[in-house]
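Reader: I am new to this structure and would like to talk through its empty spaces. Could you show it to me?

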Amino acid sequence: MSQFTFPSPPPSPAAEVFRGEVRAFLASELKHRAPIDRAQSWNGLDPAFSRKLGQQGWLGLTWPKAYGGQERSAIERYVLLEELLAAGAPVGAHWIAERQSGPSLLRYGTEAQKGAILPRIAAGECFFCIGMSEPDSGSDLASVRTKAVREGDGWRVNGTKLWTTNATHCQFMILFCRTGPLDREHRHAGTSQFIVDLSLPGITIRPVRNLVGEHHFNEVVFEDAVLPEDALLGREGEGWAQVTGELAYERSGPERFLSSFWLLVELVRALQPAADARAEIALGRLGAQLITLRRMSRSVAGLLQAGADPALEAAMVKDLGALVEQEIPEIARDLMAEGPPTLQSRTFAQVLAYTTLHAPSFSLRGGTREILRGIIARGLGLR
């Protein structure tokens, strides 16, 4: 049976000094950003803002300097992320590339791949999307049907990826697909990952609009798309191990409990000048939950810095975080159900409507609740 561990993250006075730098930068850069735009959280997309972060040296913060990084600690990077999210900064353009594609390249990429791509990510000039989910597969990643077949000095790819965030704005995708025959007894075998240049012929990107009418998601269709030999990331046939290692980065960060944070900010503002006892209790409870999740999430950052593989801990952060993120709109609606409209409450209502329409996706992205709890149960030896 595996043991869950959430050790105290290492102390970092440098991280708190850095926090002041980040707050000052954001106060200047975002001073005119409206609450409804801040409510987009890490879906907000502004390539120019991502380039400004790159100019600050704040993308790839923990990476080696040889690849454009700053070799700073995972805790300092964590401080940067939570300040960006708490301020409602438009980080969506670079988010996936910096959060998980870059670390995957660092771990599995060739020197040529790392040298060609990582400095561009660190500069805020190169963006990635994730080619995992497929139509009719739900969260069963092992049911992947997209295939890459060896052909001459490369690979021919056919298949479809779905829910691919920001694909129309990205230069590259890390594609998870099948490169070997399906073994029904070992469905995870025979899979590989590729770095795909999305400008190649045979790749079509189609928009998938959400409930709000926004275009974040996409369907990406591969029809006899030919990839060069050096597009392979890591070793052929080891895609499953690579992609599951990547998920610890995807599931453990502060974005897993701060997606609704700006709604909480507007709720507190709308309840002023004095909240009643019921509101104080509700806000206190939410505050305690967020403090606990932050402690757990920072612990995972410390484990990643130490070279551990906290996949189980990350799954728990993601599952519990989604519960709180989805609870905030319900509590906010209940607390503001009565009372005369004010300027503050009209702004609050706008942010509430936006967050409510997006909240159902919070427990889907990064792995559904059922998948995460299966992982947790297995880690506890219950299945």
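Reader: Which helices each supply at least two residues of the lining of the second largest cavity?

Author: They are α4 and α5. Please keep in mind that this is a predicted model.

Reader: Which helix gives the largest share of that lining?

Author: The largest share comes from α4, with 3 residues.

Reader: And which residues line the second largest cavity?

Author: The lining consists of Trp58, Leu59, Leu80, Leu81, Leu84, His94, Trp95 and Glu98. By type, these divide into 6 nonpolar, 1 polar and 1 charged.

Reader: How much space lies in it?

Author: The second largest cavity holds about 30 Å³ of space.

Reader: How many cavities of 30 Å³ or more are found in the whole structure?

Author: The search finds 2 such cavities. In the largest cavity there is about 80 Å³ of space.

Reader: What lines the largest cavity?

Author: Its lining includes the run Ala39, Gln40, Ser41, Trp42 and Asn43. Ser259, Tyr354, Thr355, His358, Phe362 and Arg365 also line the largest cavity.

Reader: How do those residues divide by type?

Author: The lining of the largest cavity has 4 nonpolar, 6 polar and 1 charged residues.

Reader: Let us turn to pockets. What volume does the second largest pocket have?

Author: Its volume is about 400 Å³. A total of 21 residues line this pocket, and the closest to its centre are Thr62, Ala74, Arg77, Tyr249 and Leu304.

Reader: Which elements give two or more residues to that lining?

Author: Four helices do so: α4 (74-86), α5 (95-108), α7 (239-252) and α9 (277-305). Of the elements, α9 gives the most, with 5 residues.

Reader: What is the mix of residue types there?

Author: The lining of the second largest pocket divides into 10 nonpolar, 6 polar and 5 charged residues.

Reader: A change of topic, to the strands. How many bridges join β2 to β3?

Author: There are 5 bridges between β2 (residues 147-151) and β3 (residues 154-161), and the two strands run antiparallel.

Reader: Which residue in β3 does Ala148 stand opposite?

Author: Ala148 stands opposite Val157.

Reader: What do β2 and β3 form, and how many residues lie between them?

Author: The two strands form a hairpin, with 2 residues between them. In the turn, Gly152 has a positive phi of about 60 degrees.

Key
Residues are numbered from 1 along each chain as its sequence is written. This is a predicted model: local features need pLDDT of at least 70, side-chain atom pairs count only at pLDDT 80 or more; totals for chains, interfaces and linings use all residues. Side-chain values use heavy atoms; hydrogens and water are left out. On a 1 Å grid over the protein atoms alone, a cavity is a set of points where a 1.4 Å probe fits but cannot get out, and a pocket is an open set with protein on both sides within 12 Å along at least five of seven lines; lining residues have an atom within 4 Å of a point. Grid points are joined across faces, edges and corners, and a volume is the space filled by probe spheres set on the points. Ala, Val, Leu, Ile, Met, Phe, Trp, Tyr, Cys and Pro count as nonpolar, Asp, Glu, Lys and Arg as charged, and the others, Gly among them, as polar. Two strands pair if DSSP finds at least two bridges between them.
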